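Student: I have a structure to look at and would like to know how its descriptions are justified. Can we go through them one by one?

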Amino acid sequence: CINDHLECPRPNDQPSLPARVVDCSDPLRPRLFESNGARSPFVALSYVWGGIQPHCTVSSNLASYTTEINLAFIPRTIMDAINVVHTLGMRYLWVDAFCIIQDSSQDKKVQLREIRRIFRNAHFTLIASCARSAFTGLRHPRALIDQPRTQLPYWAAYGRPGVVTIREEHDASDD
């Protein structure tokens, strides 16, 4: 999109970072970065939590997570996203479980008001919508079967029609 689609909106090269992002410069030692208004490209992650997350940012671990987030605490989907961001030569990843203080109603209130801006200003968004949980990862087997499909038309942001195709989920383990 960035290079070849003139009608796609261009990402802002130096957007204001969200309040907190995961620093992926060393994928073996990711850490939470409190941006304090710093400007830099970042990637956002949209994924399925799939239940309670045993490890996320809360008031009691916020300070330690700014030093390092233990790799054992990071679900596979988020770890895969950290590696993608690093491999693409980018540094920052916004992911709600780590970038919003989950036990702070005040922080949730402030950060959730910013969600639209966060996704709009992201250089791009990784979407892991086919995974059943945060522990599935970005790369996993998917069963593609012939089945009736529903198509929903929409108008894209740049004024052209588009189509979203919806299929019923099929679990290959049921075969």
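Student: Which residues is Ala 38 in contact with, leaving aside its neighbours within four places in sequence?

Tutor: In this predicted model, Ala 38 is in contact with Pro 15, Ser 16, Leu 17 and Phe 33. A contact requires heavy atoms within 4.5 Å. Ala 38 itself sits in the loop between β2 and β3.

Student: Why is Ala 38 called partly exposed?

Tutor: Its relative accessible area is 27%. Buried means under 20% and exposed means over 50%, with partly exposed in between. The value for Ala 38 falls in between, so the residue is partly exposed.

Student: How far apart are Ala 38 and Ala 19 in sequence and in space?

Tutor: They are 19 residues apart in sequence, and their C-alpha atoms are 9.0 Å apart.

Student: What makes Asn 61 count as buried?

Tutor: Asn 61 has 14% relative accessibility. The limit for buried is under 20%, so Asn 61 counts as buried. The residue lies in the loop between β3 and α1.

Student: What makes the approach of Asn 61 to Val 58 a polar contact?

Tutor: The side chain of Asn 61 reaches the backbone nitrogen of Val 58 at 2.9 Å. The cut-off for such a pair of N or O atoms is within 3.5 Å, and 2.9 Å meets that cut-off.

Student: Is Gln 102 buried or exposed, and how do you know?

Tutor: Gln 102 is at 19% relative accessibility. Since buried means under 20%, Gln 102 counts as buried. Its place is the loop between α3 and α4. The side chain of Gln 102 also reaches the backbone oxygen of Asp 96 at 3.0 Å, which is within the 3.5 Å allowed for a polar contact. Beyond four places in sequence, Gln 102 touches residues including Trp 49, Cys 56 and Lys 108.

Student: Where do the strands come together, and in what order?

Tutor: Five strands form an open sheet in the order β2-β1-β4-β3-β5, with mixed pairing. β2 and β5 stand at the edges with a single partner strand each, so one side of each is left without a neighbour in the sheet.

Student: How do you know that β1 and β2 pair?

Tutor: Pairing requires at least two bridges. β1 and β2 have four bridges and run in the antiparallel sense, so the requirement is met. Within this pair of strands, Asp 23 stands opposite Arg 31 in β2.

Student: What makes β3 a partner of both β4 and β5?

Tutor: The same count of at least two bridges applies. β3 pairs with β4 in the parallel sense over three bridges, and Val 43 has Leu 93 in β4 as its bridge partner. Five bridges join β3 to β5, also parallel, and here Ser 46 has Ile 127 as its bridge partner.

Student: Why is β3 described as largely enclosed?

Tutor: Five of its six residues are buried, so the rest of the structure largely encloses β3.

Student: Why is the pair of Phe 33 and Tyr 92 called stacked?

Tutor: By the rule for ring pairs, the count comes to three aromatic pairs. In the pair of Phe 33 and Tyr 92, the centres are 5.3 Å apart and the planes are at 20°. Centres must lie within 6.5 Å for a pair, and planes under 30 degrees apart count as stacked. Both conditions hold, so the pair is stacked. Phe 33 lies in β2 and Tyr 92 in β4, so the pair ties together parts 59 residues apart in sequence. Phe 33 and Tyr 92 are both buried.

Student: What is in the largest nonpolar core?

Tutor: The core has 37 residues, and among those with the most contacts inside it are Val 22, Ile 78 and Phe 98. Elements that give two or more residues to this core include β1, α2 and β5. Outside its close neighbours in sequence, up to four places away, Ile 78 touches residues including Leu 45, Tyr 47 and Ala 134.

Student: What share of the protein chain is buried?

Tutor: Buried residues make up 37% of the 175 residues. The chain has five helices and seven strands.

Note on methods: Residues are numbered from 1 along each chain as its sequence is written. This is a predicted model: local features need pLDDT of at least 70, side-chain atom pairs count only at pLDDT 80 or more; totals for chains, interfaces and linings use all residues. Side-chain values use heavy atoms; hydrogens and water are left out. Buried means under 20% relative accessible area, exposed over 50%, partly exposed in between (1.4 Å probe, protein chains only). A polar contact is a pair of N or O atoms within 3.5 Å; within protein, one must be able to donate a hydrogen and the other to accept it, and residues adjacent in sequence count only if both atoms are side-chain atoms. Rings of Phe, Tyr and Trp (its six-membered ring) pair if their centres lie within 6.5 Å; planes under 30 degrees apart count as stacked, over 60 as edge-to-face and the rest as tilted. A nonpolar core is a set of buried Ala, Val, Leu, Ile, Met, Phe, Trp, Tyr and Cys residues joined through side-chain atoms within 4.5 Å.
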